[in-house]
Protein chains: 2
Amino acid sequence: MEHIVDNIKSQMRKGLLEYCILLILNKKEAYASSIIEELKQANMIVVEGTLYPLLIRQKNQGLLNYRWEESTQGPPRKYYMITDKGRSLISEMDLAWQEIVSTIETIRK
Amino acid sequence: MEHIVDNIKSQMRKGLLEYCILLILNKKEAYASSIIEELKQANMIVVEGTLYPLLIRQKNQGLLNYRWEESTQGPPRKYYMITDKGRSLISEMDLAWQEIVSTIETIRK
DNA sequence: TTTAAATACCTTGCATAACAAAGTAGTATT
DNA sequence: AATACTACTTTGTTATGCAAGGTATTTAAA
């Protein structure tokens, strides 16, 4: 039974990930590990194998850019930042998210 | 650009589908076409090829049951109804849904 | 009575994407 | 030099939404 819940829960979160990445980078540029950390703080567990391909995808879609930056401790970090295109996508996604919330309310009645 | 939005939107809705089916059947038993109709009313477009396998899956998980019923116009209909197990899953999903909504709020800050 | 339209259920094959797991590589510490 | 740590990347598996096509029943028109 519990695995059914976990499965649906992870299903639910799946579609929201792309939106969350954009929201996070809209506040401040960040590198992968720090994004994972912020998501974890907000109760959304994401692993590297999920995030890296997603960042690359969004970068290829022109929603993000990145630059390398040396770290004081450890290897260089790839800092991602949102583009104008990414920002304008957020506006549309904000609307889409509101629609979804209201859809659930409508169905629940 | 528009296809990116549509893609993410459909991604978002994906995970919510199972939850929506349970919510709908929690109110009243229904057959596939009527479920599709209700989802459409709530702004969530779903096609048969998506819904049928999902209903069968949920039935196999013991969340739903069904019975056949003659129709006054057309072939017999398979009416699905929620089980006790399905109902108790809804309680957990309600919580999960609230968590997700609050996750988005946290991330947006 | 055949044909067509409408309704309903089901299946196949494809594309996408999340994830586990393993790999590569730079930096710091012992 | 060896180990630990941090960070980025890739591969293979699995799940699933969906387009498209298929089957079956009923009703109504030709």
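Modeller: Start with one cut-off. A residue is near a DNA strand if one of its heavy atoms lies within 4 Å of it. Keep in mind that this is a predicted model.

Colleague: Then let's begin with strand C. Which residues around DNA strand C come nearest?

Modeller: There are 21 residues around DNA strand C. Thr50(A), Thr72(A), Tyr52(B), Arg77(B) and Lys78(B) come nearest. Of the atoms of DNA strand C that come within 4 Å of the protein, 71% belong to sugar and phosphate.

Colleague: How do the residues of that surface divide by class?

Modeller: Near DNA strand C there are seven nonpolar, eight polar and six charged residues.

Colleague: Which elements each supply at least two residues of the surface near DNA strand C?

Modeller: From chain A, α3 does. From chain B, α1 (2–27), α2, α3 and β2 (77–82) do.

Colleague: Now atom by atom. What lies 2.6 Å from a phosphate oxygen of DNA strand C?

Modeller: A polar side-chain atom of Arg77(B). Asn7(B) also places a polar side-chain atom 3.3 Å from a phosphate oxygen of this strand. Glu48(B) has a base nitrogen as its partner, with a polar side-chain atom 3.1 Å away from it.

Colleague: On to strand D. How many residues are around it, and which come nearest?

Modeller: Count 20 residues around DNA strand D. Nearest are Tyr31(A), Tyr52(A), Arg77(A), Lys78(A) and Thr50(B). Within 4 Å of the protein, 71% of the atoms of strand D belong to sugar or phosphate, and the rest to bases.

Colleague: Which atoms of DNA strand D lie 2.5 Å from Tyr52(A) and 3.2 Å from Glu48(A)?

Modeller: Take Tyr52(A) to begin with. A polar atom of its side chain lies 2.5 Å from a phosphate oxygen of strand D. For Glu48(A), an N or O atom of the side chain is 3.2 Å from a base nitrogen. Asn7(A) has a side-chain N or O atom 3.5 Å from a phosphate oxygen of the strand. Two or more residues of the surface near strand D come from each of α1 (2–27), α2 (32–41), α3 (48–60) and β3 (77–82) of chain A, and from α3 of chain B.

Colleague: Which element gives the most to that surface?

Modeller: α3(B), with four residues. By class, the surface near DNA strand D has seven nonpolar, eight polar and five charged residues.

Colleague: Switch to helices. What describes two packed helices?

Modeller: The angle between their axes, and the distance between the axes. Take α4 (residues 84–108) of chain A and α4 (residues 84–108) of chain B: they pack at about 160°, with axes 13 Å apart. Angles over 145 degrees count as roughly antiparallel, so α4(A) and α4(B) are roughly antiparallel to each other. Their crossing is left-handed.

Colleague: Which residues meet in α4(A) and α4(B)?

Modeller: From α4(A), Asp94(A), Trp97(A), Ile100(A), Val101(A), Ile104(A) and Arg108(A). Facing them in α4(B) are Asp94(B), Trp97(B), Ile100(B), Val101(B), Ile104(B) and Arg108(B). This contact has eight nonpolar, no polar and four charged residues.

Colleague: And inside chain B, at what angle do α2 and α3 pack?

Modeller: Helix α2 (residues 32–41) and helix α3 (residues 48–60) of chain B pack at about 120°, with their axes 11 Å apart. α2(B) and α3(B) are therefore oblique to each other. The crossing is right-handed. Ala32(B), Ile35(B) and Ile36(B) of α2(B) meet Glu48(B), Leu51(B), Tyr52(B) and Leu55(B) of α3(B). By class, that contact has six nonpolar residues, no polar ones and one charged.

Key
Residues are numbered from 1 along each chain as its sequence is written. Chains are lettered from A and ligands numbered from 1 in the order in which they are written. This is a predicted model: local features need pLDDT of at least 70, side-chain atom pairs count only at pLDDT 80 or more; totals for chains, interfaces and linings use all residues. Side-chain values use heavy atoms; hydrogens and water are left out. Axes are lines fitted to C-alpha atoms, for helices over the stretch in contact, and angles run from 0 to 180 degrees between N-to-C directions. Angles under 35 degrees count as roughly parallel, over 145 as roughly antiparallel, 65 to 115 as roughly perpendicular and the rest as oblique. A crossing is left-handed if the near helix is turned anticlockwise from the far one by less than a right angle, and right-handed if clockwise. Contact means heavy atoms within 4.5 Å. Ala, Val, Leu, Ile, Met, Phe, Trp, Tyr, Cys and Pro count as nonpolar, Asp, Glu, Lys and Arg as charged, and the others, Gly among them, as polar. A polar contact is a pair of N or O atoms within 3.5 Å; within protein, one must be able to donate a hydrogen and the other to accept it, and residues adjacent in sequence count only if both atoms are side-chain atoms.
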